[in-house]
Amino acid sequence: MSNRQGEINDDEIRIISSKSGSSDKGRHGNIRVILWILASILLIGILAIMFFLTGKTEEDALYKEISEESPIIKNDMTLESISAKAHVIRTDTIADGIGLTILTPQDATPTLEVGNDVLNDSTAVLIVQAADVRKDNGGIAGAYVVKGELLSKGEAKAGFCSIINGEVTVGVADATPMLEQALTSDGYFFRQYPLVVGGQIVENEPKGKYIRRALAEIDGNINVVISRDRLSFHDFSQALIDVGVRKAIYLVGGEAYGRYYDADGNVFTFGSPWDEKIDNVNYMVWR
C-alpha cells in the first residue's frame with residue numbers, strides 16, 4: 001500500500017462509489033425541470049394577458065381606422081326630438097386602399113335649398129352642400145332650380161341632379177329634359193362635375209387632391225359618399241366604381257359643411273360652417 005494519500009500500487013484496487021455524484025446530478029436535473037416548467041407557465045401567462053389586453057383582429061383594427069378615428073365626421077350631440085323614422089345609415093368601407101363613408105338616407109325625401117336657415121331645422125336628417133358658388137360674382141354655378149323656380153342659369157358642368165316628385169335622377173348631359181321638367185313640376189335641379197357614368201370614369205380637368213364628396217347611385221339607392229383622405233377626381237371616381245357605383249356626380253368637397261342624424265338621433269357633422277358674408281350657399285336636404 002502506498003504511503004502517500006490518494007496513491008495506489010499496481011497490485012491494489014480502489015472501489016469508488018457513484019452514489020453521491022448521481023444524487024447531485026439528479027437533484028440538479030430535477031431543479032432544471034422545475035425551472036423550465038415555471039418559466040413555461042410564466043410565458044404562457046404573459047402571452048395570455050397580452051392577447052386579452054391588446055389582441056385585435058385585422059378587421060377590428062380596420063374598423064377603428066376608418067370610423068372611430070376618422071377626422072372627417074364627428075359626433076356632436078344627441079337630438080332627442082329627431083323622428084325615429086327618417087334617419088341615415090352610415091357604412092364605412094375601403095376600396096383598393098381608399099377609405100370611404102357611405103351615407104344612405106332612410107324614409108326621407110330630398111329637396112334643394114339656398115341659405116343657412118336650413119341648418120336650424122331639426123327635421124333635416126341629411127344636409128350636404130350641392131352646387132358650387134362662383135368666385136367672380138358669388139352666384140351659383142350652372143342652372144339651379146328650387147320648387148320650379150330658376151334661381152341661376154348657365155352652362156357650368158355636364159353632371160346634373162334632378163328631383164321630380166321626390167325621385168332623384170343623377171346623370172350627365174349638356175342638355176337634358178329633366179331641367180324643363182323640374183321647372184314645370186315644382187321640382188329641383190342643379191349641376192355639378194360628372195364622376196361616373198355607366199360604371200365608367202368621367203375625367204375632369206381640375207387637379208389637386210381634396211376631401212371628395214359625391215351623390216352616387218348604388219344598387220338603385222341614392223347615397224352621399226365621402227372620402228376619408230384627400231384624393232384626385234380620378235382616384236375618387238375609381239374608388240366609387242370599386243364599391244359598385246354606376247352613376248355619380250360631385251358634391252362640394254373640401255371643408256364644405258354637412259350634417260346627418262342616425263336612427264338613435266345622434267348628430268354627426270363634417271366640414272366647417274359657411275362664411276356668412278358669402279351669399280348663395282346651397283344644400284341638398286333630406287327630411
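Ile34 is found in helix α1, which spans residues 19-54. In this predicted model, Ile34 also belongs to a nonpolar patch on the surface. The secondary structure of the protein chain comes to four helices and 18 strands. The points below treat the surface, the nonpolar cores, the aromatic pairs and two neighbouring positions of strand β8.

**Chain and surface**

- Of the 287 residues in the protein chain, 40% are buried.
- The protein chain has an accessible surface of about 17000 Å², and carbon and sulfur atoms account for 52% of it.
- Among contacts with a separation of 6 or more, 67% join residues that are 24 or more positions apart.
- The surface patch consists of Ile31, Ile34, Leu35, Trp36, Ile37, Leu38 and Ile41, which together have about 750 Å² of accessible area.

**Nonpolar cores**

- In soluble globular proteins, nonpolar side chains tend to be buried together.
- The largest nonpolar core contains 33 residues.
- Within that core, the residues with the most contacts are Leu112, Phe190, Leu215, Val224, Met284 and Trp286.
- Leaving aside residues up to four places away in sequence, Trp286 touches Pro105, Ala108, Thr109, Pro110, Thr123, Ala124, Val125, Leu126, Val128, Leu215, Ile222 and Val224.
- A second, separate core has 18 residues, including Ala95, Leu100, Ile102 and Ile218.

**Aromatic pairs**

- The model has five aromatic pairs.
- Phe160 and Phe189 form a stacked pair, because their ring centres are 5.7 Å apart and their planes meet at 10 degrees, an angle under the 30 degrees required for stacking.
- This pair links distant parts of the chain, with Phe160 in strand β8 (residues 159-164) and Phe189 in strand β10 (residues 188-192), 29 residues apart.
- Phe160 counts as buried because its relative accessibility is 5%, under the 20% limit.
- Phe189 likewise counts as buried, at 0% relative accessibility.
- Phe233 and Tyr250 form an edge-to-face pair, with 4.9 Å from centre to centre and 75 degrees between the planes.
- Phe233 lies in helix α4 (residues 233-242) and Tyr250 in strand β15 (residues 245-251), so this pair ties together parts that are 17 residues apart in sequence.
- Phe233 is buried, with a relative accessible area of 5%, and Tyr250 counts as buried at 6% relative accessibility.
- Tyr193 joins Phe233 and Tyr250 in one aromatic cluster.

**Ser162 and Ile163 in strand β8**

- Ser162 is found in strand β8 and counts as buried, at 0% relative accessibility.
- Not counting residues up to four places away in sequence, Ser162 touches Glu167, Val168, Thr169, Met178, Tyr188 and Phe189.
- The last of these, Phe189, is the stacking partner of Phe160.
- Ile163 also has its place in strand β8, and at 1% relative accessibility Ile163 counts as buried.
- With residues up to four places away in sequence excluded, Ile163 touches Pro110, Thr111, Leu112, Val168, Gly187, Tyr188 and Met284.
- Among these contacts, Leu112 and Met284 are listed with the residues that have the most contacts inside the largest nonpolar core.
- The C-alpha atoms of Ile163 and Gln181 are separated by 9.5 Å, and the two residues are 18 residues apart along the chain.

Definitions and conventions. Residues are numbered from 1 along each chain as its sequence is written. This is a predicted model: local features need pLDDT of at least 70, side-chain atom pairs count only at pLDDT 80 or more; totals for chains, interfaces and linings use all residues. Side-chain values use heavy atoms; hydrogens and water are left out. A nonpolar core is a set of buried Ala, Val, Leu, Ile, Met, Phe, Trp, Tyr and Cys residues joined through side-chain atoms within 4.5 Å. Buried means under 20% relative accessible area, exposed over 50%, partly exposed in between (1.4 Å probe, protein chains only). Contact means heavy atoms within 4.5 Å. Patches are made of residues with over 30% relative accessible area and no salt bridge: like charges are joined within 9 Å, nonpolar side chains (Val, Leu, Ile, Met, Phe, Trp, Tyr) within 5 Å. Accessible areas come from the Shrake-Rupley method with a 1.4 Å probe; for residues, only the protein chains shown count as cover. A salt bridge is a side-chain nitrogen of Lys or Arg within 4 Å of a carboxyl oxygen of Asp or Glu. Rings of Phe, Tyr and Trp (its six-membered ring) pair if their centres lie within 6.5 Å; planes under 30 degrees apart count as stacked, over 60 as edge-to-face and the rest as tilted.
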